[in-house]
Amino acid sequence: MSSPVATSPSRVPFPGTGRVAVVTGASSGIGAATAERLAAEGFEVVLAARRLDRLTALAERIGGRAVELDVTDPASVAALAASLDRVDVLVNNAGGAFDANPVAEADLNSWERSYDVNVLGPVRVTKALLPALTASGAGDLVFVGSTAGLVSYEGGASYTAAKHGVHTLAETLRLELVYDPVRVIEIAPGMVRTDEFSLNRTGSQEKADAVYRGVREPLVAEDIADVISWAVTRPHHVNVDLLVVRPRAQAAQHKVAREDG
């Protein structure tokens with residue numbers, strides 16, 4: 001019987017223990033689920049978002065640290081960076097959709113808000129924390145994008161345009177950082193049912209519920225947290241450039257199986 005082949009240390013999962021992960025938009029949805037999952041993997045998690053009350057409760061439960069952060073405010077981002085001695089992982093999760101209007105009826109205030117939160121926000125936070133990620137010697141820069149950043153569709157172009165910006169931001173950084181010890185990872189979820197995303201976009205609970213009506217098992221926040229955790233715990237020479245994740249019921253942006261027909 002042959003002896004088992006020893007596993008190279010470079011091939012084993014990258015440990016979370018002792019590494020510091022910053023998660024933006026961590027007060028709810030995907031951000032909160034990601035913070036909880038990374039804490040379970042042994043990361044020291046810094047939860048950052050505007051709603052400090054929610055952050056504090058979650059941080060206490062998972063043993064993390066809550067920091068108030070508005071990604072649209074340069075001073076708030078600078079304060080976050082100044083408060084951190086070490087950063088190994090940055091999950092740029094803060095974002096959102098704020099309307100579902102056709103371009104002919106565009107609300108330019110909504111467009112500006114969408115771009116500021118989804119694109120400029122991650123740029124601000126990345127720029128502020130990139131020196132620490134590089135100094136870690138094995139940094140992970142994660143962008144939570146969307147399938148809306150890969151495929152256009154009618155309605156809500158303020159969101160699809162912004163998420164296309166996130167996609168090209170990740171691609172550009174991967175080129176610019178190729179000689180640095182930082183991985184650039186983009187996770188692009190499809191239909192994910194959370195408490196707030198569709199509600200914020202449509203403006204009513206009834207319309208938000210209609211988005212998922214008849215869909216068997218849309219993704220939930222914990223599914224995306226699982227994917228993010230998997231990506232940042234791969235051996236550090238392995239870069240997950242882009243991972244698209246949809247529920248099985250969603251074959252494409254416009255093709256969703258609904259049980260009610």
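Of the 261 residues of the protein, 48% count as buried. The model described here is predicted. Its secondary structure comes to 8 helices and 11 strands. Among contacts between residues at least 6 apart in sequence, 70% join residues at least 24 apart.

Helix 1 is a good place to begin a closer look. The helix runs over residues 29–40, and a little arithmetic can be tried on its 12 residues. At 1.5 Å a residue they should span 16 Å, and the C-alpha atoms at the two ends are 17 Å apart, so the expected and computed values agree. Which residues of helix 1 are buried? They are Ile30, Gly31, Ala32, Ala33, Thr34, Ala35 and Leu38. An α-helix has 3.6 residues a turn, so residues three or four places apart point the same way. In helix 1, Ile30 and Thr34 are both on the buried list, as are Thr34 and Leu38.

The cover over these buried residues comes from several parts of the chain. It includes three strands from the earlier part of the numbering, namely strand 1 (20–24), strand 2 (44–49) and strand 4 (89–92). Strand 7 (192–193) also takes part, along with helix 2 (52–62) and helix 8 (221–232). Just after helix 1, glycine 42 takes a positive phi of about 100°.

Helix 5 offers a single residue to follow, histidine 167. Is histidine 167 buried or exposed? Its relative accessibility is 15%, and because buried means under 20%, histidine 167 counts as buried. Setting aside neighbours within four places in sequence, the contacts of histidine 167 are with Gly149, Leu150, Glu186 and Leu242.

Empty space inside the protein comes next. Rolling a probe the size of a water molecule over the atoms shows where empty space is left. The structure holds 1 cavity of 30 Å³ or more, and the volume of the largest cavity is about 40 Å³. What lines the largest cavity? The lining is made up of Asn92, Asn93, Ala94, Asn118, Pro122, Phe143, Val144, Lys163 and Val166. Helix 4 (108–135), strand 5 (139–144) and helix 5 (157–176) are the elements that each give two or more residues to this lining.

Aromatic rings complete the picture. How many aromatic pairs does the structure hold? The count is 0. A ring does meet a charge, however: the charged end of arginine 113 sits over the ring of phenylalanine 98, at 3.8 Å from the centre of that ring.

Methods:
Residues numbered from 1 in each chain as written. Predicted model: local features only at pLDDT ≥ 70, side-chain atom pairs only at ≥ 80, totals over all residues. Heavy atoms only, no water. Phe/Tyr/Trp six-rings, centres within 6.5 Å; stacked < 30°, edge-to-face > 60°. Lys NZ or Arg CZ within 6 Å of the ring centre and 35° of its normal. Helix = DSSP H or I, 4+ residues; strand = E, 2+ residues; numbered from the N terminus. Expected span 1.5 Å × (residues − 1). Buried < 20%, exposed > 50% of the residue type's maximum accessible area, 1.4 Å probe, protein only. Contact = heavy atoms within 4.5 Å. 1 Å grid on protein atoms, 1.4 Å probe; cavity = no way out; pocket = protein on both sides within 12 Å on 5 of 7 lines; lining within 4 Å. Points joined across faces, edges and corners; volume = space filled by probe spheres on them.
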